[in-house]
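Please open the model in your viewer and keep the selection panel at hand. The tour below proceeds by selection, one stop after another.

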Amino acid sequence: MLTPRTEAELAEMVVGANRPLRIMGGGTRSVLPDQDSAGLSSTGLDGITLYEPGSLTLVAQAGTPLDKIEAALAAEKQRLAFEPMDHRALLGTTGTPTIGGVFAANVSGPRRIQVGAARDFLLGVRFVDGMGRILKNGGRVMKNVTGYDLVKLMAGSRGQLGVISEVAFKVLPLPEMTVTLALPDLDDAAAVHAMAQALGSPFEVSGAAHWPGQGTFLRIEGFAGSVAYRAEKLRGMLGGEIEQSTQRWTEIRDVAPFHGAEGDIWRLSVKPSDAPGIVSRAGAEAVLYDWGGGLVWLRMAPGTDLRARIAPFAGHATLLRADAATLARLPIEQPEAPALAALSAGLRAKFDPRGIFAAGGVPAQVAAS
Amino acid sequence: MEMPTPNPVILAKKARLVERLLAALPETAVIHDEAETRAYECDALTAYRCPPMVAVLPSTTQEVSDILRICNEMGVPVVPRGAGTSLAGGALPTADCVILGVARMTEVLETDYANRFVRVQTGRTNLSVTGAVQENDFFYAPDPSSQLACAIAGNIAMNSGGAHCLKYGVTTNNLMGVTMVLMDGTVVEIGGAHLDAGGLDLLGVICGSEGQLGVVTEATLRILRKPEGARPVLMGFDSNEVAGECVSDIIKAGVLPVAIEFMDRPCIRATEAFAKAGYPDCEALLIVEVEGSDAEIDEQLEKIIAIARKHNPVELRESKSADESARIWLGRKSAFGAMGQINDYMCLDGTIPVSQLPYVLRRIGEMSKQYGLDVGNVFHAGDGNMHPLILFDANKPGDLELCEAFGADILKLCVEVGGCLTGEHGVGIEKRDLMVDQFAPDDLDIQMAVKDVFDPQWLLNPAKVFPLASSDARRAA
C-alpha cells in the first residue's frame, strides 16, 4: 500500500506507477474485493489546514479522519450538514473513513433532500491527475463560477479521474433542537404520499424516511420555538407522535435494518412517486426508503439482477454488496446511455491517459473501457 | 479586449450556410440580413459589440440539433445566447459566428408538485419559472437580480446565483437534469427527476461551463414551497470592520438568514439621494432577512438583534410589516440604478472569504484614490460575493481603460486573499485574461481538456473563459 505523506510525494508515486492503482481513503466504502492492483491511500495526508467558523468553511487534507473533522466542527457547534453515512456495518469493511473519501464517493445522508449532497458542499479540490500533475479547481469561497466546475466532477468520481489531496468545504451550524414526527402503519404508497406532503409544506423537513414495519419519519430541526411550531403544524396535517431521540436518523443513514443480514444490497435513486411501484416489481427481501422515497435501499436474494426486474425505470440502481461472482456479472453502477458513456470515457482518457486509476472501487466494465 | 480575427474562409461560407439553415428551419428562425443581425451584436456588457454572421432562433431541441450539426459539419463557430443579459460578455458574437438564441423556447413542459420539480424549455425567464408554480405557493430559488429578463439557459451556462443563495444555493444546487445538444448534433439527457449522478457528475460540469460544452434546451429544476413569510432588519454601523464582524457573529451563532446584504457609505449616499429609502448616513449598512411564520421570524430576529447590539449599531430598524420590509429593501434594490444616475459604472463580481471583508474594503478605498475613480460597494455579505461598482465616464477618452485596470486590480486582490474572480456573473470575455492570475497553466489545461471531450473542434462559444494565448493551439486545431 502506497501512503504518500505529502502532495508532492503523491504526485511522484503516480508518475512512478507502472500498473493500475486502487485509489482509496480509509477503504471503508469499497465495493469490490481486493484485487492484484497496488493500493494508494490518502491516509498519510492528514490535517485540518484552515477552519473559519464565521465563514462556514473548512479546508483539510484528503486523508484526514472524518471523526477528527466532526470533532473540530462540534467544538464550534457546527457540522457536515449533508450527513455522510458510515458504510462499515453495511459493507462489512473496517478502517477509518476519511474526509476525502466522503467527497470522492459523494456520500450524503437523510438531510440531502433539504440541504443538498456532499457535492453541493464541496467548494474546492486539489488533486493529482494521471500524469502526476498537481491541479486545483474551485477555492474556499461559497460562490465561485471562475472557470469550469471540476469540483463537482471530482465529487463522486471515486478515484477515476485523480487522487484528491485536499478538500475545501462548506459547513453549517448545529441546530438548537431536533424532533421527529413518527407516523405509524402506512403502506409504501401512502408513506411516500405523506412524505411528499411534508416536503411540499413550508415547514422545512430535514429528513423523510419510511421504514416498513417501524413507521414513517419526518425530522424537524432549528430553534426550539420554531421546531415546536413546525412539528405541531405537521402533526396537524398528518397525525403521528413526536419523538425526541435522534438515534433513528443514524440508523436510517447507515441502513441499520440491513446490518448483519444476508443478501445483495442495492441502492436505487428514482423519482420519489415512482418508488413504491418499482419496489413492488423488485421482489426485495427488505426495503428502506429515504429522501422522501427518492432513495430506496433494497436487500435482494443473492445474484438477482435488480435492473432487469424493474426495467424500464428512470433513475439509477447501484449494486453495493454482493459476492464476487455477482459483482463480476452485474455492473456496479447503472450503465449509461451510449452518448454519455462516450463523454465519461473521454473525460477519463483526458484525466488519466495511462489508465493508472482504472482500478479500485470502479466497476469492472468501466475500468476496462 | 482582443477577439480572434474573423476567419475569411468561414465568412465566405455564409450563403451556403444560410441555405442549409433555411432548409432545416422555418424562414423566420434564420436571421442573416446585416441590419437585423445587429440586434445580437452585444449582451449587457455593452462596451463590446460585434454583429454575428447569422442568428438563428430555434423552437425545439430537434431544430437546435439540426443547427449544430450543420455548423459542425461546416466548421462554423456557434455562440449560444439566452436573454443576452450577461455582464461578462458571455454571449458576445464573433463576426464569423452563428448566434443560437433560445428566446423562442419558453414552454413549461412538466410541473410536478409531489416530486417538487418543473421541466422547462431554457429560453424561459428565471422569474417566469416561479410564475408557473406560484399559484400553488411554490418558487424557483435562484434569483439573479436580472431575473425578470434573464433566461434559464444563461443561468445554467453561468451557474447564476442571487441574493438568497446563502440559504438556497445557486443554480447548480437547484438543477436536477438537462436535455443538451452537443456540437455534433447529438441530443443527450443528463439527470432528471431523481437525485445525484450515477456515474461521473456531468451535470455538475455542464452547469457553469458558459455555453462551451453544449446547448441546454430543456431543464429539470427543483422547486420549493414558499416560506410562510420573510422580514428583514436593517442595521447601520460606523465602520466596515464592525459590520463585517457582525456578519461573522450572526453566522457563528447558528442563525442562517436567507440573505445578508451589505452597502458601504458611497453606495448608501447614492441610493439615498436616488430612492429616499430613509437609510441612516453611516459607514456600513446591513440588511439581514429571515423566513418563517411570524413567531419564527421574531425568534430569529431577536437573536440577530441581540448580536448586532453588541457591535454598537448606529441604527437598528426591525421590520414589523410588509410595508416596512419594502422600505428597507427599496434602497438596496435601487442601488445599481442610483449609481448609474451618477455616472457610467462597471460592476465587478469577485468573491472573498468573509473574514477578509474589512481588509479588502480598505484596500479598495485606497486604490480608488490612486486611480481617481469613485467606487461603491453593495454585495451579498453572507457568502463574500462582492459587487464593487466603479464609476467612470464613457465619453471621456481613456476612462474605460482606467476603470478596467482598476477593476482588474480589485479582482487580483480578491484572488490574493483566497477568493476568486467571479462569484456569479461568469468569466466571459471580461475576466478571460485574468484567469492566469487565479489558475496555473496546468489548472487551465485540465479545464480545456474537458472542452476537448465535449467540443473537439472548439466551435462552441469561442474566445470566452480561457485566455486566447492559452487556447490558441486548440482553437486553431
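What percentage of the 369 residues of chain A count as buried? The figure is 57%, where a buried residue has 20 or more other C-beta atoms within 10 Å of its own, with C-beta atoms placed from the backbone. The model is predicted, and local features need pLDDT of at least 70, side-chain atom pairs count only at pLDDT 80 or more, and totals for chains, interfaces and linings use all residues. Residues are numbered from 1 along each chain as its sequence is written, while chains are lettered from A and ligands numbered from 1 in the order in which they are written.

**Stop 1: chain A as a whole**

Select chain A and colour by secondary structure: 15 helices and 17 strands appear, helices being DSSP runs of H or I with at least four residues and strands runs of E with at least two, numbered from the N terminus. The radius of gyration of chain A, taken over C-alpha atoms, is 21 Å, close to the 21 Å of the globule rule (2.2 Å times the number of residues to the power 0.38), so chain A is as compact as a globular protein of 369 residues. Its C-alpha trace spans about 65 × 50 × 35 Å along the principal axes.

**Stop 2: a sheet in chain B**

Now select the four strands of chain B that form an open, mixed sheet in the order β1-β2-β4-β3; two strands pair if DSSP finds at least two bridges between them. β1 (30–31) and β3 (78–81) of chain B are the edge strands, each with a single partner, so one side of each has no neighbour in the sheet. Next, show residues 54–56 and 98–101 of chain B: these are β2 and β4, parallel to each other and joined over three bridges. Within this part of the sheet, Val56(B) stands opposite Leu100(B).

**Stop 3: the helices across the sheet**

Add residues 61–74 of chain B, helix α4, which lies across β2, β3 and β4 of chain B and runs at about 165° to β4(B). Angles run from 0 to 180 degrees between N-to-C directions, with axes fitted to C-alpha atoms, for helices over the stretch in contact. Helix α2 (residues 14–24) of chain B lies across β1 and β2 of chain B, at about 10° to β2(B).

**Stop 4: domains of chain B**

Finally, colour chain B by domain: domain 1 (8–103), domain 2 (108–225), domain 3 (230–336) and domain 4 (343–416), with bounds from an automatic or database domain assignment. The C-alpha centres of domains 3 and 4 of chain B lie 22 Å apart.

Key
A residue is buried if 20 or more other C-beta atoms lie within 10 Å of its own, exposed if 12 or fewer, and partly exposed in between; C-beta atoms are placed from the backbone. Two residues are in contact if their C-beta atoms, placed from the backbone, lie within 7 Å.
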